Amino acid sequence: MSFLTIENLNARVGTAPILRDVSLSVEAGEVRGLVGESGAGKSMIGKAVLGTLPTAVEIESGRIVLDGEDLQALKPRDRRRVIGAKAALIPQDPLTALNPSRRVGPQITNRLVDILGWTRADAGHRAAELLDEVSIPDPERVMRAYPHELSGGMRQRILIASAFAAEPKLIIADEPTTALDVTVQKQILRLIRQMQARHGTALLFVTHDLGVVSKVCQSLTVLFGGMVLEDTRVEQFFARPGHPYSAALLAATPKYTDPDASLTPVPDAVIAGVEAEIEAHDRMHGHV
Amino acid sequence: MSDDVIYEIENLRLSFPDMAHKPLFGAAPRIEILKGIDMRIARGDVVGIVGGSGSGKSTLGRAMIRLLEPDSGSIRFNGQDITHLEETALRPMRRRFQMIFQDPMSSLNPRQTVGSIIAGPLKLQGFDRVSARVDQALDHVGLPRRFRSRYPHELSGGQRQRVGIARAIATEPDFILADEIVSGLDVSSQAQVLNLLEQLVRELGLTLAFISHDLSVIRRLCQRTMVLYRGEVVEYRDTRALFEAPEAEYTRELLDAIPLPDLEQVWA
């Protein structure tokens with residue numbers, strides 16, 4: 001069953017469309033990559049689901065269904081409660097996502113206490129358990145530490161633990177490893193995959209890196225200019241990308257085992273082609 | 001051979017005061033960042049410097065162009081010892097080694113036009129025909145001359161990085177240090193900027209040190225690669241050999257950790 005379904009989502013800033021008829025779904029236990037370059041709208045989709053869109057962005061039409069609940073149909077108050085209980089975020093930058101002036105422990109347990117109504121003691125137990133699960137040595141000590149006392153990899157582990165704490169149906173990971181060294185990135189990606197598989201969570205993995213997609217995702221959605229260009233399984237994608245832009249993106253991705261064939265710039269003709277598609281789409285939908 | 005060597009670095013050591021552990025009175029203890037680096041760069045070489053965060057790769061780069069002063073060891077540039085040279089003596093030399101920075105948004109003055117950004121070092125170094133040289137630099141990096149009157153925020157990330165490159169090559173330097181210059185760019189503009197660098201290296205005979213955490217980019221661009229780990233050189237040799245048969249355990253670890261865009265590579 002699908003934990004997240006987005007149907008024909010349109011959003012704009014002023015008169016400028018930023019999401020164009022976006023549809024996608026993430027099944028229970030599935031990891032779906034949301035791939036695109038800057039400005040493609042990949043983070044916007046994550047924010048639309050979590051209800052954290054910037055105020056300038058207006059959702060025009062479309063449905064976001066989270067574990068059976070149509071979010072647009074709910075009152076803002078109920079919507080926040082549903083999202084808080086059913087979805088969670090693994091953010092990009094572990095340093096800015098943690099409050100620097102507060103100890104780590106309460107930052108994990110607050111969600112459980114505030115949203116799910118657990119007691120502090122239960123929440124504390126659960127947090128320690130989770131920190132252990134994400135291979136943090138001496139969880140009790142780490143929970144009393146401040147974020148700056150921990151390494152980047154350690155902080156990201158804490159945020160992963162925190163995301164899984166309330167057993168959400170859906171986790172959105174927004175470029176969770178871009179700020180990390182490759183060796184740490186590898187550990188963190190494996191950890192996210194393990195945790196996701198163990199908990200059966202649906203995972204929407206926002207990234208610009210097709211290398212990362214090939215290591216963690218089962219399916220992917222390729223975006224450009226807020227429009228879905230391709231929606232496919234990874235096996236299919238890496239064997240035969242279904243859209244010229246996808247193919248160009250794959251050829252532009254660095255690959256040290258094949259230095260001459262990789263890092264090929266995306267041809268102008270491909271970009272022009274996608275832009276024409278977007279224009280055609282906007283004309284059909286009554287935008288200028 | 002020594003006339004072909006542009007950089008000769010011996011036993012370079014550099015440390016910073018560790019302010020987190022400074023006692024209330026007295027001097028802060030020092031943290032050693034570079035622990036005895038030896039390195040030679042021949043004229044026309046493109047050298048990759050790679051390592052994780054905290055490996056000292058940026059510190060090494062900044063010491064090479066003397067934005068930082070080393071504690072000990074020596075740096076010889078074009079045969080001249082610049083290890084402890086005063087800024088007044090360094091300034092006239094600075095046109096010979098230039099730098100391209102990681103983030104063009106913060107390294108380009110937002111209040112200056114592209115034209116005056118590129119003209120900056122030319123004026124400082126007392127060049128003649130500044131305007132013509134600015135045009136020439138723009139031509140080299142493939143930006144139209146009318147971009148002279150634009151401001152950085154009007155450009156895309158890739159275009160901004162081209163401006164950074166234009167500024168660096170304008171003074172016709174012998175050596176350019178590029179510190180993580182494509183890590184903030186989308187893959188499509190990353191490929192364009194790398195192609196541009198390759199082309200400039202060929203056309204202008206540049207010597208380039210390319211600092212990056214991305215081994216795939218280094219593999220494509222550099223003839224020689226230095227791997228740093230915690231301030232020490234792990235390996236420094238021919239790029240192809242280093243990639244095909246890494247000698248050090250750490251190099252192997254780095255290579256294994258790069259997610260290749262295919263499904264054949266499987267992480268255990």
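Start by selecting Lys86(A): with 18% relative accessibility, this lysine counts as buried. Keep in mind as you click around that the model is predicted.

**Around Lys86(A)**

Now add Asp67(A) to the selection. Its side chain makes a salt bridge with Lys86(A), and the closest N and O atoms are 3.1 Å apart. Asp67(A) sits in the loop between strand 4 and strand 5 of chain A, while Lys86(A) belongs to helix 2 of chain A, so the pair ties together parts that are 19 residues apart in sequence. Asp67(A) is buried too, at a relative accessible area of 15%.

Widen the view to helix 2 of chain A, residues 76–86. Its buried residues are Val82(A), Ile83(A), Gly84(A) and Lys86(A). What do they pack against? Look for helix 1, strand 4, strand 5 (69–70), strand 6 (87–90), helix 4 (104–116) and strand 7 (170–174), which are in chain A as well.

**Helix 1 and Ile45(A)**

From that list, pick helix 1 of chain A, residues 42–50, and find Ile45(A) in it. Is Ile45(A) buried or exposed? It is buried, at 0% relative accessibility. Show its surroundings: beyond its neighbours within four places in sequence, Ile45(A) is in contact with Ile6(A), Leu19(A), Val22(A), Leu34(A) and Leu223(A). For a distance to draw, try Ile45(A) to Ile172(A): their C-alpha atoms are separated by 9.9 Å, with the two positions 127 residues apart along the chain.

**The strands of chain A**

Val22(A) leads straight on to the strands, where it stands in strand 2 of chain A opposite Leu9(A). Color strand 1 (residues 2–13) and strand 2 (residues 16–27) of chain A: they run antiparallel and are joined by eight bridges. Two residues lie between the strands of this hairpin, and Gly14(A) takes a positive phi near 60° there.

Strand 1 of chain A has another partner, strand 4 (residues 57–66) of chain A, again antiparallel and again with eight bridges. To see one pairing, select Arg12(A) and its bridge partner in strand 4, Glu58(A).

**Over to the sheet in chain B**

Switch to chain B and look for an open sheet of four strands, in the order 2-1-4-5, with antiparallel pairing. Its edges are strand 2 (30–42) and strand 5 (80–81), each of which pairs on one side only. Inside the sheet, strand 1 (residues 5–17) and strand 4 (residues 72–77) of chain B pair over five bridges. Glu8(B) is a handy marker, standing opposite Arg76(B) in strand 4.

**The nonpolar cores**

Next, show the largest nonpolar core, which has 63 residues. Leu131(A), Ile158(A), Ile160(A), Phe205(A), Leu210(A) and Tyr245(A) touch the most other members. Helix 7 (residues 152–164) of chain A gives the most to this core, seven residues in total. Apart from it lies another core, of 55 residues, including Val50(B), Phe147(B), Leu242(B) and Leu260(B).

Go back to Leu210(A) and display its contacts. Setting aside residues up to four places away in sequence, it touches Val35(A), Leu220(A), Phe237(A), Phe238(A), Leu249(A), Leu250(A), Thr253(A) and, in the other chain, Pro261(B).

**Where the chains meet**

That takes you to the interface, where 31 residues of chain B are in contact with 32 residues of chain A. Together the two chains bury about 3,000 Å², 66% of it on carbon and sulfur atoms. The count of salt bridges between them is one: select Asp262(B) and Lys255(A), 3.3 Å from N to O. There are also 14 residue pairs in polar contact. On the side of chain B that touches chain A, the elements giving two or more residues are helix 7 (187–204), helix 8 and helix 10 (249–257). Helix 7 of chain B has the largest share, seven residues.

In helix 8 (residues 215–221) of chain B, stop at Ser216(B). This serine is buried, with a relative accessible area of 3%. Its contacts outside the four places either side in sequence are Pro254(A), Lys255(A), Tyr256(A), Leu263(A) and Ile258(B).

**A last stop: more salt bridges**

Over all chains, the structure holds 32 salt bridges. One of them pairs Arg283(A) with Glu279(A), the closest N and O atoms being 3.7 Å apart. These two are four residues apart in helix 12 (residues 268–284) of chain A, which means about one helical turn separates them. Arg283(A) is exposed, at 56% relative accessible area. Finish in chain B with Asp135(B), Asp139(B), Arg145(B) and Arg148(B), joined into one network by salt bridges that share partners.

Definitions and conventions: Residues numbered from 1 in each chain as written. Chains lettered and ligands numbered in written order. Predicted model: local features only at pLDDT ≥ 70, side-chain atom pairs only at ≥ 80, totals over all residues. Heavy atoms only, no water. Pairing = 2+ DSSP bridges. Buried < 20%, exposed > 50% of the residue type's maximum accessible area, 1.4 Å probe, protein only. Contact = heavy atoms within 4.5 Å. Core = buried A, V, L, I, M, F, W, Y, C linked by side-chain atoms within 4.5 Å. Buried area = accessible area lost by both parts, 1.4 Å probe. Salt bridge = Lys/Arg side-chain N within 4 Å of Asp/Glu carboxyl O. Polar contact = N/O pair within 3.5 Å; in protein donor to acceptor, adjacent residues only side chain to side chain.
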